[in-house]
Amino acid sequence: MRTTYPHYRHSSAASDRAKFSASKVACGYAGLWVLAVSFLFTVLTHAPAAAATLRVDDGMKERVRACTACHGKEGVATNQGYFPRIAGKPAVYLYNQLRHFREGRRKNPAMRHLTEHMSDAYLMEIAQYFSALELPYPSPQPSSVTPTLLARGERLVRQGDKQRDIPACTACHGSAMTGRLPATPGLLGLPRDYVVAQIGAWRTGSRHADAPDCMAQVARRLSNEDIHAVSQWLAAQPIPGKGQPAAPATQSSGIACKDDAKQ
Ligand code: HEC
Ligand code: HEC
């Protein structure tokens, strides 16, 4: 006689559905709503089973399994498509973003639903888990735009534009562009479309950070052409070393950010 284990059956179907939703979501933005909702249903109905095993050995791996459907195995993502990498980013940065989604300062239905019932302490634990992962980065995305445009992108990133009051991106994101502790993310290894969308979201007011929101000021000073140039150049760069964030800044970039060291 065949014995069936309802829990086991449920969880394998759930993970299949999750994989399916994730790949479909990655294919097109239009289906995001529908698929995210079905995915979330899966995650939420699966949650009690996950919770039961939570405190046994590596409970955190179990807890973040839902994330990997979109963000890739262990949060690595790829530089194609739209999903941002989360592995290895500064913990305070990740924690801030999870709070922003939960509280509507960043808008994404799936991220909102996933975080809406999570406490600050829980979000911090998840942030610390992903931040501590040291994993290889994908290869750069080759660019097909003109050398002139790429040079413009590089100039803006490394030097900014004094006449238009745009600081170098490296002033805050680190000279290697791999981010800066405690709360500035790296700019390499992200999908091009994601970078364009995030800067656009600051300009249109659909992404905010806690005040003072320095990145909003930077974004407002950039033209569409600047954003195009910067995103093309950034995505084509290799990641230096292990891509770890730099030590906290000792000098001000001229625009204050919320998590800057108090002077
Ligand atoms: C249904 C797909 C999906 C799932 C599942 C998902 N995410 Fe996301 N996540 C996204 C998308 C899409 C974005 C980018 C949204 C935007 O445009 O701002 C994002 C953004 C993020 C960011 C911000 C990254 C950055 O560089 O600013 C963090 C942090 C994050 N997710 C963590 C998680 C965690 C932790 C989980 C699991 C609890 C999770 N995500 C599950 C789709 C997903
Ligand atoms: C004054 C400091 C500062 C400068 C200058 C700056 N940034 Fe930022 N940037 C930040 C901070 C801080 C964040 C994180 C904000 C948050 O918590 O949401 C950020 C976030 C970002 C993000 C989102 C990354 C992600 O994973 O979602 C992008 C993209 C970005 N910056 C691009 C740029 C580019 C391109 C430039 C140069 C034209 C630039 N930044 C200049 C401080 C700065």
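Which element gives the largest share of the shell around ligand 1? The answer is α4, with five residues.

This is a predicted model, in which local features need pLDDT of at least 70 and side-chain atom pairs count only at pLDDT 80 or more, while totals for chains, interfaces and linings use all residues. Residues are numbered from 1 along each chain as its sequence is written, and chains are lettered from A and ligands numbered from 1 in the order in which they are written.

**Overall make-up**

The chain holds twelve helices and zero strands. Helices (H or I, at least four residues) and strands (E, at least two) are DSSP runs, numbered from the N terminus. Of the 263 residues in the chain, 34% are buried. A residue counts as buried if 20 or more other C-beta atoms lie within 10 Å of its own, as exposed if 12 or fewer do, and as partly exposed in between, with C-beta atoms placed from the backbone. Among contacts with a separation of 6 or more, 67% join residues 24 or more positions apart; two residues are in contact if their C-beta atoms, placed from the backbone, lie within 7 Å.

**The two ligand shells**

A residue belongs to a shell if its C-beta atom, placed from the backbone, lies within 6 Å of the molecule. For the classes, Ala, Val, Leu, Ile, Met, Phe, Trp, Tyr, Cys and Pro count as nonpolar, Asp, Glu, Lys and Arg as charged, and the others, Gly among them, as polar.

| Ligand | Residues in shell | Nearest residues | Classes |
|---|---|---|---|
| Ligand 1 | 24 residues | Cys67, Cys70, Pro84, Asn108, Ala110 | 20 nonpolar, three polar, one charged |
| Ligand 2 | 26 residues | Cys169, Cys172, Ala209, Cys214, Met215 | 21 nonpolar, five polar, no charged |

Around ligand 1, two or more residues each come from α2 (32-52), α4 (65-71), α5 (91-103) and α6 (109-115). Around ligand 2, the elements that do so are α8 (147-159), α9 (169-173), α10 (192-204) and α11 (214-221). The largest share of the ligand 2 shell, four residues, is given by α9.

**Tyrosine 95**

Helix α5 contains tyrosine 95. Tyrosine 95 is buried because 21 other C-beta atoms lie within 10 Å. Neighbours within four places in sequence aside, its contacts are Leu123, Met124 and Ala127. Leucine 123 is 28 residues away from tyrosine 95 along the chain, yet their C-alpha atoms are separated by 6.1 Å.

**Packing of α10 and α12**

α10 packs with helix α12 (residues 224-235) at an angle of about 145°, and their axes are 9 Å apart. Here axes are lines fitted to C-alpha atoms, for helices over the stretch in contact, and angles run from 0 to 180 degrees between N-to-C directions. Arg192, Val195, Val196 and Ile199 of α10 meet Ile227, Ser231, Gln232, Leu234 and Ala235 of α12. By class, this contact of α10 with α12 has six nonpolar, two polar and one charged residues.

**Nonpolar cores**

A nonpolar core is a set of buried Ala, Val, Leu, Ile, Met, Phe, Trp, Tyr and Cys residues joined through C-beta atoms within 7 Å. The largest has 22 residues, and Leu187, Leu188, Val230 and Leu234 have the most contacts inside it. Two or more residues of this core come from each of α9, α11 and α12, and α12 gives the most, with six residues. Beyond neighbours within four places in sequence, leucine 188 is in contact with Met177, Thr178, Leu234, Gln237, Ile239 and Gly243. A second, separate core has 21 residues, including Ala66, Val76, Phe83 and Ala183.
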